[in-house]
Amino acid sequence: MIHSPLLQVSDLCVQFGAFTAVNPVSFDLNEGETLGLVGESGSGKSSLARAILRLVPATGVVLWKSENILACSHQRLRRLRRDLSIIFQDPLASLNPRMQVGDLLAEPLHIFEPALSHNERQRRILKMLDRVGLHANMLTQYPHEFSGGQCQRIGVARAMMLQPQLLVCDEPVSSLDVSIQGQIVNLLVDLQIEFNTAMLFISHNMAVVRHISDRVLVMYRGQLVESASCDTLFAAPVHPYTRALLAAVPVIGATAARPSAML
Amino acid sequence: MQPVLNIKQLDVKFKQSTGVVHAVRQVTLSLGLGECLGVVGESGSGKTQAFMAVMGILEKNALVQGSIQFEGREILGASPTTLNRIRGAKLTMVFQDPMSSLTPHLTIGTQMAEVLVVHQKESWGNAERAALQMLDQVRVPEAARRLKCYPHELSGGMRQRVMIGMSLLCKPSVLIADEPTTALDVTVQAQIIKLLQEMRAELGLSLVLISHDLAIVSGLADTIAVMYAGRIVEQSSGGNIFQHAKHPYTVALLKCTSDLASPRLDRLPTLQGFPPDLTQELPGCDFAARCSRASEICRRVRPELSAATFEYRSLDAQSAHPVACHHPYES
Ligand SMILES: Nc1ncnc2c1ncn2[C@@H]1O[C@H](COP(=O)(O)OP(=O)(O)OP(=O)(O)O)[C@@H](O)[C@H]1O
Ligand SMILES: Nc1ncnc2c1ncn2[C@@H]1O[C@H](COP(=O)(O)OP(=O)(O)OP(=O)(O)O)[C@@H](O)[C@H]1O
Ligand SMILES: [Mg+2]
Ligand SMILES: [Mg+2]
């Protein structure tokens with residue numbers, strides 16, 4: 001099957017003042033595909049993710065269905081945002097503290113589907129809340145009244161409200177227990193199958209990345225150092241950083257901090 | 001020997017328009033000098049709030065009951081002056097969400113130095129030097145440049161390392177680390193764990209480690225408490241609990257854990273059902289509705305934590321393994 005990529009990133013570069021967070025990076029993402037993105041803390045993963053959605057200034061080209069996101073008008077960008085969604089890394093900090101959960105989830109619907117009736121809107125919100133494992137009586141609560149993992153799930157629910165075509169997930173399961181991690185990951189996969197969503201999935205959890213990804217990119221110090229199909233990457237990592245990363249994955253019952261696994 | 005931290009029958013409730021959320025229920029825990037206590041459990045089970053209560057920094061709508069002794073002194077309900085002397089210096093906490101616990105409009109250097117200026121009456125010059133040294137120690141690359149950065153200019157992992165460094169500046173006797181490694185890549189995770197180990201050895205630091213990462217907890221903790229719906233449901237020595245889990249929740253949690261050695265599955269395993277609504281008080285076991293071993297008694301009578309309380313007994317802690325279950329797995 002031949003299809004042109006949904007997202008084509010070429011020579012994307014992110015600079016903060018004199019500091020280069022992301023050196024020219026190029027990759028493609030196909031419809032319905034999941035691209036894992038792993039790498040060192042501070043290697044530029046979040047910056048790259050934000051640059052794709054034009055949330056930080058960047059140079060290069062980000063083609064979305066052959067339209068350059070980095071060059072389109074603001075009006076056009078607002079329209080595109082309906083299809084492009086992101087789950088942010090810091091769940092609490094990314095939710096407006098003065099909005100109740102019900103309003104946080106209603107907001108994207110108000111903006112992009114204003115014709116929806118009140119009842120239909122409530123129905124969609126309740127359904128999503130249920131799918132991320134939260135109770136309906138939490139709708140009137142404020143973000144600070146939730147646990148870390150609950151905030152993360154609110155972020156996930158909000159990002160999925162509009163069934164986006166591209167979902168950028170920046171550490172979407174990091175503060176969840178393994179069971180709810182599984183629940184959210186399964187939910188993302190369901191959504192992907194149902195709506196053919198493409199995903200860029202950033203995580204430090206190598207087991208989850210291995211589970212969900214078709215291909216994996218590895219970043220180190222602002223560079224893309226390795227790119228391979230998921231099976232290849234985990235079976236035969238090439239770059240020394242990728243090897244160190246896989247060797248450092250902790251295992252239950254093993255003693256902590258095996259120095260040999262460190263760089 | 002006296003435990004440094006002794007929590008007895010701690011209850012935390014939050015008043016809300018829709019009811020009272022009973023987030024922490026009869027939690028009894030103790031932490032011995034130099035010990036590491038691991039706390040694991042379901043998202044929303046009260047891990048963070050229990051230790052927010054210890055720090056005396058719960059939201060205004062919270063109601064706390066029970067007893068919290070720090071170095072032999074009751075600190076629950078202590079005066080703000082007493083608390084301020086202890087908190088942030090001898091008793092510190094690294095928060096789960098590093099972005100929202102740093103002040104956005106102050107540089108990292110200023111925020112770190114301020115801790116020493118306030119608590120140890122250091123000069124700004126000395127404090128800034130100590131801050132730089134600490135950033136190096138927690139492996140923040142290019143530490144000198146980062147000191148001049150604002151929180152949003154750091155990556156998630158760096159912010160977390162800054163928070164850990166900040167909490168260690170005053171050489172505390174107890175550090176409560178809430179998910180200290182979640183935003184870090186596994187190589188840096190290993191470094192942070194090693195750092196915490198070194199601090200335990202060097203400073204005699206006692207550590208509370210709250211984490212969803214069972215592998216990390218199992219590698220570091222001397223004793224581990226498992227929480228479900230606000231209660232401790234099982235507790236044992238670090239080496240023991242995951243090999244010989246007794247509570248069906250712990251067993252189910254372990255079944256959901258996958259590592260790189262496990263086969264790639266179509267779907268990740270999850271627990272069926274949902275955690276109970278914390279505004280309700282169930283007569284029986286909170287886990288019964290999701291438990292494959294539940295019988296009629298489980299829905300009617302709440303199982304007590306078997307060895308009533310798990311007091312600090314450094315040596316025989318190895319053998320003590322209380323569990324709150326009518327039908328525990330045999331170990
Ligand atoms: N707004 C900003 N201004 C200046 N520097 C920034 C800014 N945002 C990020 N940086 C820097 O860019 C680099 C990459 O950060 P980024 O957040 O993209 O890393 P990351 O790979 O997501 O790391 P982590 O895994 O820790 O979240 C870091 O060195 C960070 O300090
Ligand atoms: N201010 C508040 N008002 C009402 N309920 C609250 C408040 N703060 C916390 N809660 C509730 O208390 C419960 C326990 O929260 P806590 O933050 O301790 O969970 P946790 O075990 O740390 O979970 P996680 O692993 O997701 O961080 C949650 O169900 C949460 O919704
Ligand atoms: Mg990041
Ligand atoms: Mg928490």
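Among the contacts of chain B (heavy atoms within 4.5 Å) between residues at least 6 apart in sequence, 64% join residues at least 24 apart. The structure is a predicted model, in which local features need pLDDT of at least 70 and side-chain atom pairs count only at pLDDT 80 or more, whereas totals for chains, interfaces and linings use all residues. Residues are numbered from 1 along each chain as its sequence is written, chains are lettered from A and ligands numbered from 1 in the order in which they are written, and side-chain values use heavy atoms, with hydrogens and water left out.

The secondary structure of chain B comprises 12 helices and 10 strands, taken as DSSP runs (helices H or I, at least four residues; strands E, at least two) numbered from the N terminus. The C-alpha trace of chain B spans about 65 × 50 × 45 Å along its principal axes. Of the 331 residues in chain B, 58% are buried, where buried means under 20% relative accessible area, exposed over 50% and partly exposed in between, with a 1.4 Å probe and protein chains only.

The magnesium ion (ligand 4) has two protein donors, Thr48(B) through OG1 and Gln96(B) through OE1, lying 2.0 to 2.3 Å from it. These residues link distant parts of the chain, being 48 residues apart. Donors are N, O and S atoms within 2.8 Å of the metal (3.2 Å for Na, K and Ca), and water is not among the atoms, so sites may look incomplete.

| Donor residue | Element of chain B | Relative accessible area |
|---|---|---|
| Thr48(B) | helix α1 (residues 47–55) | 16%, buried |
| Gln96(B) | loop between β6 (91–94) and α3 (98–101) | 16%, buried |
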